[in-house]
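Thanks for coming, everyone. I'll walk through one structure today, contact by contact. Here it is on the screen.

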Amino acid sequence: AGAVAAGGYYWQQKRLQEKDEADFAMLCDVTNPAFYAQFLEEHPRSVHADEVRRRMEQLQAEAKEWEEVLQHKKRIHLLRFQQKHPHSLHARECRDMIDSIDWDDAVNIWTVEAMQDYLATHPDGLFTAEAADMLNKISRARITAEERSVVRAIYNNFFTQGLARQDSACIAEAIPDTMTRFCSIRGARPNQILSFTREKMGPDVIGVHYLVDTDMSMRRETLDDGTLGMSVDFNLEETVSSTNASVSSFHTYRVTSLMNAERKIVQMNIRP
């Protein structure tokens, strides 16, 4: 009877030990401290108890750190948590939050470089499709230094050669057949556009001179016909020189205009 009892005890202990080892093995890569607490409850005398308890306390401390991170939701805090706990239960959530913050920053900056940085940092991010689409739109809308130089030259020629010298051929070269609107004139032809300056040329006037501000505001804009053109705004200085000093004058205007894809000026308004 004693031998049978001893044998039964041995096999019972063996089964308990086998379950202990099996349950401990299941904790591999588990990041939820509740599973560790459950193990200690079921196996209080396990040879792995100290190791399990230590790991549980680490995870509990990690959970407390995560709660603090959520109070701030700052990128730097999320990055620190991610680096310190790469296999955390909250790793995916942490990564997605960083992704969202970086995306918001990229949208606010709204440059080619910002979108490229987002895509490089998050190649499999939550907003890669949107970033690729916006990168394409921004690239199309971006105005290069060469384009700026060409556009500036067109407007400079329009005023300093066309209007100032009353050169209708120069004006005709800068616009389509007619300008859809020039100040209050609709369907304006070169001769009508030249009247803006011609009316100021009295008998004592030596000449009218224009200075186009080099600081031009340029941006892509969809025109009325649905094509992609450009909006160009700038300050214009006008000097009317006369033999009679009392007739000479100086004015500053604000020019707002639209240019089509062929770089022809289609609309222009000149106001004090």
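Start with Glu 147. It counts as buried, at 15% relative accessibility, because the cut-off for buried is under 20%. Keep in mind that this is a predicted model.

What does Glu 147 pair with? Arg 263 forms a salt bridge with Glu 147, and the closest N and O atoms are 4.0 Å apart. The two partners come from distant parts of the chain, 116 residues apart. Glu 147 is in helix H8, residues 145–163. Arg 263 is in the loop between strand E6 (249–259) and strand E7 (265–271). Arg 263 is partly exposed, with a relative accessible area of 34%. There is also a third member here. Salt bridges with shared partners join Glu 147, Arg 220 and Arg 263 into one network.

How many salt bridges are there? The count comes to 10. Let me show two others.

One is Glu 65 with Lys 84, at 3.2 Å from N to O. This pair also links distant parts of the chain. Glu 65 is in helix H3 (residues 49–72), Lys 84 is in helix H4 (residues 75–84), and they are 19 residues apart. Glu 65 is partly exposed, with a relative accessible area of 24%. Lys 84 is exposed, with a relative accessible area of 55%.

The other is Arg 92 with Asp 96, at 3.4 Å from N to O. Here the geometry is local. Both residues are in helix H5 (residues 91–109), four residues apart, so about one helical turn separates them. Arg 92 is exposed, at a relative accessible area of 52%. Asp 96 is partly exposed, at 22%.

Next, the rings. A search of the whole structure finds nine aromatic pairs. Take Trp 66 and Phe 81. Their centres are 5.0 Å apart, with 50° between the planes, and the pair is tilted. Trp 66 is in helix H3 and Phe 81 in helix H4, 15 residues apart. These are the helices that also hold Glu 65 and Lys 84. Both rings are buried: Trp 66 at 4% relative accessibility, Phe 81 at 3%.

Now compare Tyr 155 and Phe 234. Why is this pair called edge-to-face? Because the planes are at 70°, with the ring centres 5.3 Å apart, and planes over 60 degrees apart count as edge-to-face. Tyr 155 is in helix H8, Phe 234 is in strand E5, and their positions lie 79 residues apart in the numbering sense of being 79 residues apart. Tyr 155 counts as buried at 0% relative accessibility. Phe 234 is at 0% too. Ring pairs extend this into a cluster of Tyr 155, Phe 158, Phe 159, Tyr 210 and Phe 234.

That brings us to the core. In soluble globular proteins, nonpolar side chains tend to be buried together. Here, the largest nonpolar core has 35 residues. Which residues have the most contacts inside it? Phe 158, Phe 159, Phe 182, Ile 265 and Met 268. Several elements supply at least two residues each, among them H8, helix H9 (168–174), strand E1 (179–182), strand E5 (228–242), E6 and E7. H8 gives the largest share, six residues.

Look at Phe 159 more closely. Beyond its neighbours within four places in sequence, Phe 159 is in contact with residues including Tyr 210, Val 212, Phe 234, Leu 236, Val 255, Met 268 and Ile 270.

On to helix H7, residues 128–141. H7 has 14 residues and reaches 20 Å from its first C-alpha to its last, close to the 20 Å expected. Its buried residues are Ala 131, Leu 135 and Ile 138. Down the axis of H7, these buried residues fall within an arc of 70°, so they line one face of the helix. What do they pack against? H5 and helix H6 (112–121).

Last stop, His 43. His 43 lies in the loop between helix H2 (33–42) and H3. Is it buried or exposed? His 43 is buried, with a relative accessible area of 9%. Setting aside neighbours within four places in sequence, the contacts of His 43 are Lys 19, Asp 20 and Asp 23.

That's the tour. Questions, please.

Technical notes:
Residues numbered from 1 in each chain as written. Predicted model: local features only at pLDDT ≥ 70, side-chain atom pairs only at ≥ 80, totals over all residues. Heavy atoms only, no water. Salt bridge = Lys/Arg side-chain N within 4 Å of Asp/Glu carboxyl O. Buried < 20%, exposed > 50% of the residue type's maximum accessible area, 1.4 Å probe, protein only. Expected span 1.5 Å × (residues − 1). Arc of directions from axis to C-beta. Contact = heavy atoms within 4.5 Å. Core = buried A, V, L, I, M, F, W, Y, C linked by side-chain atoms within 4.5 Å. Phe/Tyr/Trp six-rings, centres within 6.5 Å; stacked < 30°, edge-to-face > 60°.
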